[in-house]
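Trainee: Could you take me closely through one strand and its surroundings in this model, and then set beside it a helix contact and a couple of unusual loop residues?

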Amino acid sequence: MSPTSLAEIDATLQRLGARPEHRSRLLRHWLQAIPLDRGRNPLAHYLPKALHEALPSLMAEWQGVAALHAREPSEDGSERLLLRLHDGQSVEAVLLPRGGLCISSQVGCAVGCGFCMTGTLGLIRQVGSAELLAQVATARTLRAVNKVVFMGMGEPAHNLDAVLAAIDTLGTEGGIGHKNLVFSTVGDERVFERLGRGAVKPALALSLHTTQPALREQLLPRAPRLSPEWLMTQACDYARRTGYPLQVQWTLLEGVNDGDDEVEGLVRLFQGQPAMLNLIPFNTVPGLPFQRPSWDACRDLARRLHARGILTKLRDSAGQDVEGGCGQLRARLQPVRVV
Ligand code: SF4
């Protein structure tokens with residue numbers, strides 16, 4: 001059976017006599033899609049015999065951890081991938097323009113955001129650390145990846161050990177710059193306690209969606225009950241420590257979180273903070289009770305926020321509209337191009 005965690009991979013490597021430098025090199029080959037025989041000093045020449053002999057089946061096993069099942073390219077250069085895991089479950093990853101990749105940290109999600117297809121599933125299971133890494137390895141067989149955002153299906157804070165292990169490995173053997181690893185969360189005390197402790201410190205994205213606590217409880221019904229003020233303070237403290245600005249995610253829902261009250265709330269929360277705002281117009285999902293605001297209304301809101309001193313980016317790409325759009329390919333499955 002394919003490994004789901006790095007611990008399983010390590011146990012196999014130890015059994016085959018791998019030393020730390022072998023582990024490191026093998027993970028680099030896998031995660032960076034480097035052919036094993038590349039270079040003047042092919043890896044296979046100096047491995048212990050047992051490991052050398054097991055190498056082809058080991059690599060085939062790792063490559064199958066998150067196997068490509070379906071692809072759905074979009075006009076903006078992004079592409080949704082459906083990846084099949086060992087037990088028949090599947091997760092989505094999205095290749096983004098300019099070398100980005102969005103990956104999934106859980107199958108389903110317990111937070112239950114009212115505007116998200118994944119939220120309707122509930123939590124089905126955690127994605128293991130090897131399965132997180134495999135999403136990157138598989139994506140790199142299709143295209144170069146220089147940035148990984150944990151913004152797909154699931155709440156990374158609810159699978160913290162596996163996500164932090166994957167971040168550590170991606171920032172070392174995976175060859176991804178630390179500021180190009182983005183941990184995205186609805187906000188959780190455990191994240192603020194643990195995120196800065198590792199050697200690899202990712203950038204942070206906070207899914208805020210509203211400045212009003214009561215509305216937030218409605219929109220994100222099972223997110224921890226933490227106030228927007230507290231979340232911004234904690235997240236911005238982390239951003240100051242790392243030097244990477246906080247990215248605040250805001251799914252724009254017509255008539256819900258696009259009013260003057262939210263503009264005033266944002267101005268208050270952003271005052272003097274190292275943060276930028278990503279406005280993501282809701283991607284209409286059949287069956288969900290929200291509407292996408294008109295493009296003119298979104299642009300007007302972005303201009304007003306800019307004028308009030310908030311660095312605001314308006315995202316209008318299907319590929320970048322990951323949050324809230326995640327889970328749609330998994331739910332649809334058709335029409336897709338089966339690989
Ligand atoms: Fe979970 Fe993110 Fe969807 Fe909310 S938006 S239900 S946190 S996957």
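Mentor: What follows begins with the strand, moves on to the pair of helices and ends with the loops. Please keep in mind throughout that this is a predicted model.

The strand to look at is E10, residues 246-252, of which seven of the seven residues are buried, so E10 is largely enclosed by the rest of the structure. In a regular strand the side chains alternate between the two faces of the sheet. Accordingly, it is worth reading the two sides of E10 separately: Leu246, Val248, Trp250 and Leu252 lie on one side, Gln247, Gln249 and Thr251 lie on the other, and the residues of both sides are all buried, leaving both faces covered.

E10 also has strand partners. Strand E9, residues 203-207, runs parallel to E10 and is joined to it by three bridges, and within that pairing Gln247 of E10 has Ala205 standing opposite. Strand E11, residues 275-281, likewise pairs with E10 in the parallel sense, here over seven bridges, and Trp250 finds its bridge partner in Leu279 of E11. Gln247 and Trp250, which belong to opposite sides of the strand, thus serve as convenient reference points when you trace the pairing with E9 and with E11.

For the helices, two packed helices are described by the angle between their axes and the distance between the axes. The axes of H4, residues 129-140, and H5, residues 160-171, come within 8 Å and cross at roughly 45°; the two helices are therefore oblique to each other, and their crossing is right-handed. On the H4 side the contact is made by Ser129, Leu132, Leu133 and Val136, and on the H5 side by Ala162, Val163, Ala165, Ala166, Thr169 and Leu170. Sorted by class, this contact comprises eight nonpolar and two polar residues, with no charged residues.

Finally, two loop residues deserve a check of their backbone angles. Ala33, in the loop between helix H2 (20-31) and helix H3 (49-63), has a positive phi of about 50° although it is not a glycine, and with 18 other C-beta atoms within 10 Å it is partly exposed. Arg98, which is not a glycine either, has a positive phi of about 60° and is placed in the loop between strand E3 (90-96) and strand E4 (100-102); with 8 C-beta neighbours inside 10 Å, Arg98 counts as exposed.

Definitions and conventions: Residues numbered from 1 in each chain as written. Predicted model: local features only at pLDDT ≥ 70, side-chain atom pairs only at ≥ 80, totals over all residues. Axes fitted to C-alpha atoms, helices over the stretch in contact; angles between N-to-C directions. Helix = DSSP H or I, 4+ residues; strand = E, 2+ residues; numbered from the N terminus. Parallel < 35°, antiparallel > 145°, perpendicular 65-115°, else oblique. Left-handed = near helix turned anticlockwise from the far one by under 90°. Contact = placed C-beta atoms within 7 Å. Nonpolar A, V, L, I, M, F, W, Y, C, P; charged D, E, K, R; others polar. Buried ≥ 20, exposed ≤ 12 C-beta atoms within 10 Å, placed from the backbone. Pairing = 2+ DSSP bridges.
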